[in-house]
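Colleague: Before I accept the labels attached to this model, I would like to hear each one set against its definition. Could we look at it together?

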Amino acid sequence: MADNARYFTIGAFLLGIAATTAYQTQITKAKAKAQKDERIRQRRQQNLLHFSKSADLDEAKRALGELPNVIESQGPGEEDIKEGIEGCIGNTPLIRIKSLSDATGCEILAKAEFINGAGNSPKDRVALSIIETAEEQGLLEPHSGDTIYEGTVGSTGISLAAICRARGYKAHICMPDDMAVEKSDLLLKLGAEVERVRPAPIVDQNQFVNLARSRAKEHTDDPDKPGRGLFADQFETEANWRAHFTSTGPEIYRQTGGRLDAFVSGAGTGGTISGVSLFLKQLLPEVQIVLADPPGSGLYNRVKYGVMFDPKEKEGTRRRHQVDTVVEGIGINRITHNFDVGRELINDAIRVTDDQAMSMARWLVENDGIFVGSSSAVNCVAAAQLAKQLGPGHRIVTLLCDSGARHLSKFWAKTEPVGGGKERLSLDQILPDADKRPSLGGRVLG
């Protein structure tokens, strides 16, 4: 591991150790308050339900006349008003995916990150962290013409565009032209400037990330343009993994009551899996961190075998369509700083094919009414496969990243229609190669 990455990892651990005691105290207080609030809510709900079900209209009216006294006796509770759209980011619910949990005998839980209120994905956390960090450093001034530039396959750009509007900035997004058109359409509706460019390797100066960096510099250097250009740099910025270290990880720990066996996530920038694992591993050293990786990505080989590429994926020779995939948002062929920060904490990796991802997306709609995009489907395939390998009784947490509505023209266009008359899927069809207990972190689990 590079010295700078080791430095950041050690620093993160020290920071976490210092915060652990205070955090656990906050958890205890928060649990007590949440339990009290829930008891009040349930009593109130029971009273309202009783009133609404009364068959006698006169009786119902008399009961409703007493409702203000009932509510007053229980207290109004504390105000719960969010400050702008930014206040709707984080604290997403953790839901039990019933079909996968019942089929595997493990409790498979998912953070509903598509409920984040700005761009409706986990990238809301990152975008807000990037902007707040830049504001603290004096790099952004609202309503001055300052513009944030970013190279993204979609979700980070959408989050940035929404939050920029809320805070008085402009957004300029560079993205590959083979991404789902819904993403660029949404960016335009949010008022962002969008450049769709041909896919290229990172060594090419016209690659979408490099182009965004250049555009930011051009803006700052142009005396005729108002404000400055800021390159968000989601792949390398410290604000990325720190957003998940300070929010997503603590939320998972609190919502599970500190009881989980594994965390499964894909990696694009690597900020989510690094930030969450850096937090969880301090409090739960035995928790298993497992990467979910799509076709064409080199991260699977890096985690499993310590090498980044296989010959057909080698950077500089590989073209995107040598290993084409319908999965967007995760998978990459280089080690970013955000991935490197937590790389040593990742215990294993699971490769997920396009067919598995599309079948899982259909399964989730048919069995749970959950309509998600490609990266969420990859996460769920890997979580279910890990559950099969570990055996019943384990608790696995993963992420539902964004809605399937953002993937209609590409991922869902290739997916079998739900209720299309075909025989219902079984989990064994989706996971034909789910072998028995793998070795994770040098130990046999299960």
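Colleague: Why is the pair Arg 242 and Glu 238 called a salt bridge?

Modeller: The closest N and O atoms of Arg 242 and Glu 238 are 3.2 Å apart, and a salt bridge is a side-chain nitrogen of Lys or Arg within 4 Å of a carboxyl oxygen of Asp or Glu, so the pair qualifies. Both residues lie in helix H8, 4 residues apart, about one turn of the helix. This is a predicted model, in which local features need pLDDT of at least 70 and side-chain atom pairs count only at pLDDT 80 or more, while totals for chains, interfaces and linings use all residues. Residues are numbered from 1 along each chain as its sequence is written, and side-chain values use heavy atoms, with hydrogens and water left out.

Colleague: What makes H8 a helix, and what makes Arg 242 partly exposed?

Modeller: Helices (H or I, at least four residues) and strands (E, at least two) are DSSP runs numbered from the N terminus, and H8 covers residues 238-255. Arg 242 has a relative accessible area of 35%; buried means under 20%, exposed over 50% and partly exposed in between (1.4 Å probe, protein chains only), so the residue takes the middle label. Salt bridges that share partners also join Lys 111, Glu 113, Arg 125 and Glu 251 into one network.

Colleague: How do you know that Arg 125 and Glu 251 link distant parts of the chain?

Modeller: Arg 125 sits in helix H4 (residues 123-136) and Glu 251 in H8, 126 residues apart. Their closest N and O atoms are 2.9 Å apart, and both residues are buried. The structure holds 22 salt bridges.

Colleague: Which labels do Arg 334 and Glu 236 receive, buried or partly exposed?

Modeller: Arg 334, at 18%, is buried, whereas Glu 236, at 29%, counts as partly exposed. The two form a salt bridge whose closest N and O atoms are 3.4 Å apart.

Colleague: What makes strands E4 and E5 a pair?

Modeller: Two strands pair if DSSP finds at least two bridges between them, and E4 (residues 170-176) and E5 (residues 193-197) have 5 bridges, in the parallel sense. One of the bridge partners is Glu 193 in E5, opposite His 172.

Colleague: Why is the unit of E4, helix H6 and E5 called right-handed?

Modeller: A crossover earns that name if, with the strands pointing away from the viewer, the path from the first strand over the helix to the second runs clockwise. E4, H6 (residues 181-189) and E5 make such a right-handed β-α-β unit.

Colleague: What makes E5 and E6 edge strands?

Modeller: The open sheet has the order E5-E4-E3-E6, with parallel pairing. E5 and E6 (229-231) each have a single partner strand, so one side of each is left without a neighbour in the sheet. The twist averages 20° from one strand to the next, where axes are lines fitted to C-alpha atoms (for helices over the stretch in contact) and angles run from 0 to 180 degrees between N-to-C directions.

Colleague: How do you know that H6 packs on this sheet?

Modeller: H6 touches E4 and E5, its direction making about 155° with that of E5; contact means heavy atoms within 4.5 Å. Helix H7 (residues 208-221) lies across E3, E4, E5 and E6, running at about 160° to E3, and those strands are among what covers its buried residues, which include Phe 208, Leu 211 and His 219.

Colleague: How do you know that the length of helix H13 agrees with expectation?

Modeller: The expected span is 1.5 Å times one less than the number of residues; the 17 residues of H13 (residues 374-390) should span 24 Å, and the end C-alpha atoms are indeed 24 Å apart. H7 agrees likewise, with 14 residues, an expected 20 Å and end C-alpha atoms 20 Å apart.

Colleague: What makes H13 mostly covered?

Modeller: Of its 17 residues, 16 are buried. Gly 391, whose phi is positive, near 95°, follows H13.
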